[in-house]
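Morning, everyone. I have one model to walk through today. Let's put it on the screen.

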Amino acid sequence: MLGYIIYTDGPARPELGERQLAGGSFITLRMGQPARTNGPVALYRARQGARMLREAGVRSAVFPVDFPYTALFIRQGILPVDTLPLRRAMAAPLIKRRLEDGGFQPTQAVVAVSGERPAREVTECAKALALSYRYVMLSVRGDAERFARDLRREYGISLLLDPAVDQLERADALVLFAPRTDLALNNPILYTLYPGGEAGRGRLPLCLPASAAAQAEPNCDREQLAAALYAAGALPLETLLS
């Protein structure tokens, strides 16, 4: 069960509830904003709220932006919704859009995908791009030969495996599913899709549809909400790309 934390004017004591939001079901925790966020009473009530969510079966929740008790909730076993799976799912279609907007032709653009190993999310991204672009490179530490053979047999398309560093750096678009300290990361299009890669130039932004955003509190973390609704099947990927 997903949680949804409401941190606004309201009752001083934390209160649990239920809510349907944009097609998703949430256990809500409503917390009033105290005058002193670090006061003993405020901290006690924050711990109480986290325990209430945990006892209700919640392990992941949509947090408010600038929530002062995020670390406390994490220690109590309530984690912010992970946005990384959605960012990874959106990588290929967003790269296509950016290449099109930049005037890159499918027969000329060079796209590179790099990961720790040929995991499904890495190969699915490479496959989606290879179906649209002639020159796609895949750099993984594990054996990707079988994946490449299957791609040739089923679709008649080829990947360049194990590209050199200078080839990766010349790519028009580069997607990293794991850190690469050997690259300058100056590619025209760059996405860094790994834990800790959310900040900076390589960050892939998430946009919540206006209809869903209108139902959320003003200080709700909309990227977390988008990821929660996608994971719950309430928002298809096409909706988030529009």
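I'll go through the strands, then the helices that pack with them or with each other.

First, a caution: this is a predicted model.

Start with the open sheet. Five strands make it up, in the order 2-3-1-4-5, and the pairing is mixed. Which strands sit at the edges? Strand 2, residues 15-21, and strand 5, residues 79-80; each of them pairs on one side only.

Take the strand 2 edge. Strand 2 runs antiparallel to strand 3, with seven bridges joining them. Look for glutamate 15: its bridge partner in strand 3 is arginine 30. The two strands form a hairpin, with two residues between them. Check the turn there. Alanine 22 has a positive phi, about 55°.

Now the other edge. Strand 4 covers residues 60-62, and its pairing with strand 5 is parallel, over two bridges. Here serine 60 stands opposite leucine 79 of strand 5.

What lies across strand 1, strand 2 and strand 3? Helix 1, residues 40-55. Relative to strand 3, helix 1 runs at about 160°.

Next, strand 6, residues 110-115. How many of its six residues are buried? Five, so to speak of strand 6 as mostly covered is fair.

Strand 6 has parallel pairing with strand 7, residues 135-140, over six bridges. In that pairing, valine 111 faces valine 136 of strand 7. Strand 6 also runs parallel to strand 9, residues 173-176, and four bridges join the two. There, alanine 112 stands opposite leucine 174.

Trace the chain through strand 6, helix 4 and strand 7. Together they make a β-α-β unit, and the unit is right-handed.

That brings us to helix packing. Two packed helices are described by the angle between their axes and the distance between the axes. Our pair is helix 4, residues 120-130, and helix 5, residues 145-155. Their axes come within 12 Å and cross at roughly 35°. The crossing is right-handed.

Which residues make the contact? From helix 4, Thr123, Ala126, Lys127 and Ala130. From helix 5, Phe147, Leu151 and Tyr155. By class, that contact has five nonpolar residues, one polar and one charged.

To recap: the open sheet has five strands with mixed pairing. Strand 6 pairs in parallel with strand 7, and helix 4 crosses helix 5 at roughly 35°. That's it from me.

Definitions and conventions:
Residues are numbered from 1 along each chain as its sequence is written. This is a predicted model: local features need pLDDT of at least 70, side-chain atom pairs count only at pLDDT 80 or more; totals for chains, interfaces and linings use all residues. Side-chain values use heavy atoms; hydrogens and water are left out. Two strands pair if DSSP finds at least two bridges between them. Contact means heavy atoms within 4.5 Å. Axes are lines fitted to C-alpha atoms, for helices over the stretch in contact, and angles run from 0 to 180 degrees between N-to-C directions. A crossing is left-handed if the near helix is turned anticlockwise from the far one by less than a right angle, and right-handed if clockwise. Ala, Val, Leu, Ile, Met, Phe, Trp, Tyr, Cys and Pro count as nonpolar, Asp, Glu, Lys and Arg as charged, and the others, Gly among them, as polar. Buried means under 20% relative accessible area, exposed over 50%, partly exposed in between (1.4 Å probe, protein chains only). A crossover is right-handed if, with the strands pointing away from the viewer, the path from the first strand over the helix to the second runs clockwise.
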